[in-house]
Amino acid sequence: MRIDDKPAARLKELGVELRAGVSLTEQTSLGIGGTTDELLLRRYETIPDVMRLLADEKIRHRFLGGGTNVLIADGELSRVMLHLPKAHPGMRVEGNAAFVDASADLGGMVTFCGKRDLGGMEGLIGVPGSVGGALRMNAGAYGMQIGSYVREVEVYRAAAGEIETLRGNDIRFDYRHTSFAPDDVMLRVKLELPSKPYQEILAGIRVCNEKRRSSQPVNQKSAGCIFKNPAGGSAGRMIDELGLKGHRVGDAMVSDRHANFFVNTGHASCSDMLKLIEDVRERIHRAYGIVLENEVIVWQN
Ligand code: EPU
């Protein structure tokens, strides 16, 4: 989607940087995604004005975080992509509380807190993406999930057109699912973390890194796990049991390291990846009678 000159000038007045016709293949960990205009916000405080302007001009949009858990359509996209200010995301610690901007890198946050003797999040090391994306999906690994530590989240609530602070107790954090509205935009979080000596945290981080490197295709283009695990089961194990490692549609392939990771081995398109996802879902359904649910978020045009 291309923004006309008139709204472009008004966006500029709000301090928004416009980048025309950007290919999202470079902004997603899968290396898949079409082309659109991008809007880079400078300050959180301008979000309500920017959103009003986009609504007035009927410019459809989405916020893109780290781009590590999305599968985005090919070709010219029907929405512009918005980015929160990423330059110097705020992170600070006060006692056992950590205050972090949503655009911060998730692993960077784990290390920042760790160095200040605040632990609990070691499992998240190596999970690529932004803090905002991790909050929305309730990212987790190795027995922990980020939601357990959330005390407050500042969000832009599209429904109200305002920035609001939600209390952790009022947000539901389930397995890879939260009660945030689909158009809520995560801005900042306050976490409460247990005290732990940095050396102990570092040891935990090393263990998680090692486990991840030995079981996941960390050096290939992927969006992490494609499917959620069904209750009491493992999507990866089921796909593996059907002998589907290496199964492919074009350049989209079931990883030969972890069967719930689908990798882009070259120039896979979104449509290749979607065909592979549907094919595997269908095969699992036939073999096990279970319909796997996507863990990856799909943005169709
Ligand atoms: N397994 C196989 N073959 C495979 C993959 C796994 O037999 O190809 C077996 C493993 O040997 C193990 C079991 O399946 O016995 C579970 O595998 P793993 O420990 O790798 O965990 P997972 O359930 O597949 C989950 C999360 C990951 C997270 C890991 C580590 C989901 C969908 N996935 O994977 O998160 O990193 O645990 O805690 O919940 C993600 O969210 O994108 C993600 C990758």
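In the predicted model, the protein chain comprises seven helices and 19 strands. Its radius of gyration is 20 Å, close to the 19 Å that the globule rule gives for 301 residues, so the protein chain is as compact as a globular protein of that length. The C-alpha trace of the protein chain extends over about 55 × 50 × 30 Å along its principal axes.

Among the strands, four form an open sheet with the order 1-2-5-3, in which the pairing is mixed. Strand 1 (17–23) and strand 3 (61–63) are the edge strands of this sheet, each pairing on one side only, and the twist from one strand to the next averages 30°. At one edge, strand 3 pairs with strand 5 (residues 80–83) in the parallel sense, over three bridges; within this pairing, Arg62 has Met81 of strand 5 as its bridge partner. Helix 2 (residues 47–56) lies across strand 2 (35–40), strand 3 and strand 5, and runs at about 155° to strand 3.

Arg62 and Met81, paired as bridge partners, are also found together in the lining of the largest cavity. A search of the whole structure finds one cavity of 30 Å³ or more, and the space within the largest cavity amounts to about 60 Å³. Besides these two residues, the lining consists of Ile72, Ala73, Leu77, Ser78 and Arg79, together with Trp299, Gln300 and Asn301. When the lining residues of the largest cavity are sorted by class, five are nonpolar, three are polar and two are charged.

A further open sheet is formed by five strands in the order 6-7-14-10-11, and its pairing is antiparallel. The edge strands here are strand 6 (91–94) and strand 11 (162–167), each of which pairs on one side only, while the twist averages 15° from one strand to the next. Strand 6 is joined to strand 7 by four bridges, the two strands running antiparallel, and Glu94 has Ala97 as its bridge partner in strand 7. Helix 3 (residues 106–115) packs on the sheet, where it touches strand 6, strand 7 and strand 14, and the direction of helix 3 makes about 30° with that of strand 6.

The order of this five-strand sheet places strand 14 between strand 7 and strand 10. With strand 7 (residues 97–101), strand 14 (residues 185–192) pairs in the antiparallel sense over five bridges, and Leu191 in strand 14 is the bridge partner of Ala98. With strand 10 (residues 150–157), strand 14 pairs in the antiparallel sense over six bridges, and here the bridge partner of Val153 is Val189 in strand 14.

Towards the other edge of the sheet, strand 10 pairs with strand 11, again in the antiparallel sense and over six bridges. Glu152 stands opposite Arg167, a residue of strand 11. Strand 10 and strand 11 form a hairpin with four residues between the strands, and in this hairpin Gly161 adopts a positive phi near 70°.

Key:
Residues numbered from 1 in each chain as written. Predicted model: local features only at pLDDT ≥ 70, side-chain atom pairs only at ≥ 80, totals over all residues. Heavy atoms only, no water. 1 Å grid on protein atoms, 1.4 Å probe; cavity = no way out; pocket = protein on both sides within 12 Å on 5 of 7 lines; lining within 4 Å. Points joined across faces, edges and corners; volume = space filled by probe spheres on them. Nonpolar A, V, L, I, M, F, W, Y, C, P; charged D, E, K, R; others polar. Pairing = 2+ DSSP bridges. Axes fitted to C-alpha atoms, helices over the stretch in contact; angles between N-to-C directions. Contact = heavy atoms within 4.5 Å. Rg over C-alpha atoms; globule rule 2.2 N^0.38 Å.
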